[in-house]
Amino acid sequence: MARDDWHPDRLPDLSGKRYLVTGSTAGLGFFSSLQLAGAGAHVIMTGRNPNKLATARVAVRRQVPDAEVTTLLLDTSNLGSVRAAAATVRGRAGLHGLLLNAGIVHPPRRRETTADGHEVVFATNALGHYALAGELLLPLAAGRGRKVWVGSMSTSMGAYDPVDPELEANYSPWRAYVQSKVATTALGFEADRRLRAANVPIASVVAHPGYAISGRTRGILGINEPSRMTRFVDNLQAPITQSKEHGAWALVRALVDPEVEGGQFWGPSRLVAGPPKLGTASKLTRDEDIAARLWAYCEHATGMTWPYLKASRARRPWRR
Ligand SMILES: NC(=O)c1ccc[n+]([C@@H]2O[C@H](COP(=O)([O-])OP(=O)(O)OC[C@H]3O[C@@H](n4cnc5c(N)ncnc54)[C@H](OP(=O)(O)O)[C@@H]3O)[C@@H](O)[C@H]2O)c1
């Protein structure tokens with residue numbers, strides 16, 4: 001497919017390939033799952049709520065009747081849930097892609113912590129994905145796969161405190177969101193550097209959706225049902241926004257375009273909207289000292305080091 005001709009209706013044939021999407025019950029995760037399934041992929045839709053997962057699966061199959069879609073409970077804010085879900089996935093065949101999308105986009109007004117004791121936005125958006133990506137390193141290496149971390153334009157609009165990633169001091173909802181997205185993006189680039197250094201056959205890529213909002217997204221029962229007021233307000237912002245369906249294009253391209261390479265940053269051509277284009281991530285997220293410090297923090301907080309050596313020796317379970 002030509003680089004300027006990306007469209008979900010003309011994705012590469014993904015039959016025989018398996019992708020896991022976090023936070024696939026709504027928004028970008030749902031539409032990414034739909035686009036992948038439409039191209040013939042086997043999609044493992046994951047989420048923290050079984051009813052929402054069942055609804056999302058039905059909604060995908062309503063549009064792609066022969067879609068190969070399975071569901072799996074996975075709460076990214078809970079390290080036990082991450083480990084359990086990863087164990088289930090490891091018990092099956094190889095994996096070709098991981099879309100690390102789940103996220104809290106409207107953080108709580110006051111700082112909240114998870115059952116594991118971590119600040120909830122950092123835990124959900126960044127730490128849980130660090131753990132999941134590490135737990136799934138072997139099947140992803142066996143599938144010569146790719147992982148995509150979901151960043152945000154907000155990383156250019158706020159500060160980052162490298163000594164306090166969980167905002168024990170100076171919490172605000174906006175700071176919590178920005179910190180978590182700086183962390184997610186920096187981890188995505190650091191993962192690529194470490195995987196290359198260890199000869200692990202996995203690419204790590206970062207993508208962002210621009211500014212994608214529900215009031216500009218088509219209605220889907222149980223998935224996207226904005227009120228009339230939301231539609232009205234969101235449509236007033238039309239020049240600087242796009243639908244979540246369009247926002248998912250960059251994420252899916254980063255995941256499946258054969259020309260995409262590890263360490264790249266993909267997003268909409270006009271920053272907030274437009275077809276996917278290769279871009280440059282914010283300076284903070286490209287700072288290797290910040291990334292290395294954060295990596296060490298995640299290793300300590302999860303008690304887990306990625307199994308690079310085993311992954312570098314992972315054999316393909318099959319060839320396409
Ligand atoms: N929309 C944008 O303009 C924009 C811009 C930049 C970056 N992003 C990023 O894109 C990602 C998706 O955003 P979105 O706009 O699609 O948001 P959304 O519509 O609110 O969807 C978020 C998804 O994440 C799930 N989720 C939240 N907490 C979870 C947890 N603890 N475990 C598992 N799943 C969880 C939600 O599940 P529930 O249904 O159970 O809540 C939902 O499926 C986020 O990482 C966000 O930071 C979005």
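**Figure 1. Strand β2 and the two directions in which its residues point**. In β2, His42, Ile44 and Thr46 point one way while Val43, Met45 and Gly47 point the other way, and all of them are buried. In a regular strand the side chains alternate between the two faces of the sheet. The view comes from a predicted model, in which strand β2 covers residues 42-47 and is mostly covered, six of its six residues being buried.

**Figure 2. The neighbours of β2 on the β1 side and on the β3 side**. Strand β1, residues 18-21, pairs with β2 in the parallel sense over four bridges, and within this pairing Tyr19 has Val43 of β2 as its bridge partner. From β1 the chain passes through α1 to reach β2, and this β-α-β crossover is right-handed. Strand β3, made up of residues 68-73, also pairs with β2 in the parallel sense, here over six bridges, and Leu73 in β3 is the residue that stands opposite Gly47. A right-handed β-α-β unit is formed by β2, helix α2 (residues 50-63) and β3.

**Figure 3. Gly38 in helix α1**. Helix α1 runs over residues 27-38, and Gly38 has its place in this helix. Gly38 has a relative accessible area of 52%, and because exposed means over 50%, Gly38 counts as exposed. Measuring from C-alpha to C-alpha, Gly38 and Ser282 are 32 Å apart in space, with their positions 244 residues apart in sequence.

**Figure 4. The largest pocket and its lining**. The largest pocket holds about 1400 Å³ of space. It is lined by 46 residues, of which Gly103, Ile104, Val105, Tyr177 and Lys244 are the closest to its centre. Rolling a probe the size of a water molecule over the atoms shows where empty space is left. Helices α1, α4 (120-135) and α6 (173-197) each supply at least two residues of this lining, and α1 gives the most, with four residues. Sorted by class, the lining of the largest pocket has 18 nonpolar, 22 polar and six charged residues.

**Figure 5. Asn170 and Leu271, two loop residues with positive phi**. Most residues other than glycine have a negative phi, and most peptide bonds are trans. Asn170, placed in the loop between β5 (146-150) and α6, has a phi near 60°, a positive value in a residue other than glycine. The relative accessible area of Asn170 is 59%, and therefore this residue is classed as exposed. Leu271 is found in the loop between β7 (265-268) and β8 (276-279), and its phi is near 65°, again a positive value in a residue other than glycine. With a relative accessible area of 52%, Leu271 is likewise exposed.

**Figure 6. The protein chain as the setting for the close-up views**. The secondary structure of the protein chain comes to ten helices and eight strands, and the C-alpha trace spans about 50 × 45 × 40 Å along its principal axes. For a chain of 320 residues a compact globule would have a radius of gyration near 20 Å, so the 18 Å of the protein chain agrees with such a globule. Of the 320 residues in the protein chain, 56% are buried.

Terms used:
Residues numbered from 1 in each chain as written. Predicted model: local features only at pLDDT ≥ 70, side-chain atom pairs only at ≥ 80, totals over all residues. Heavy atoms only, no water. Buried < 20%, exposed > 50% of the residue type's maximum accessible area, 1.4 Å probe, protein only. 1 Å grid on protein atoms, 1.4 Å probe; cavity = no way out; pocket = protein on both sides within 12 Å on 5 of 7 lines; lining within 4 Å. Points joined across faces, edges and corners; volume = space filled by probe spheres on them. Nonpolar A, V, L, I, M, F, W, Y, C, P; charged D, E, K, R; others polar. Pairing = 2+ DSSP bridges. Right-handed = clockwise from strand over helix to strand, strands pointing away. Rg over C-alpha atoms; globule rule 2.2 N^0.38 Å.
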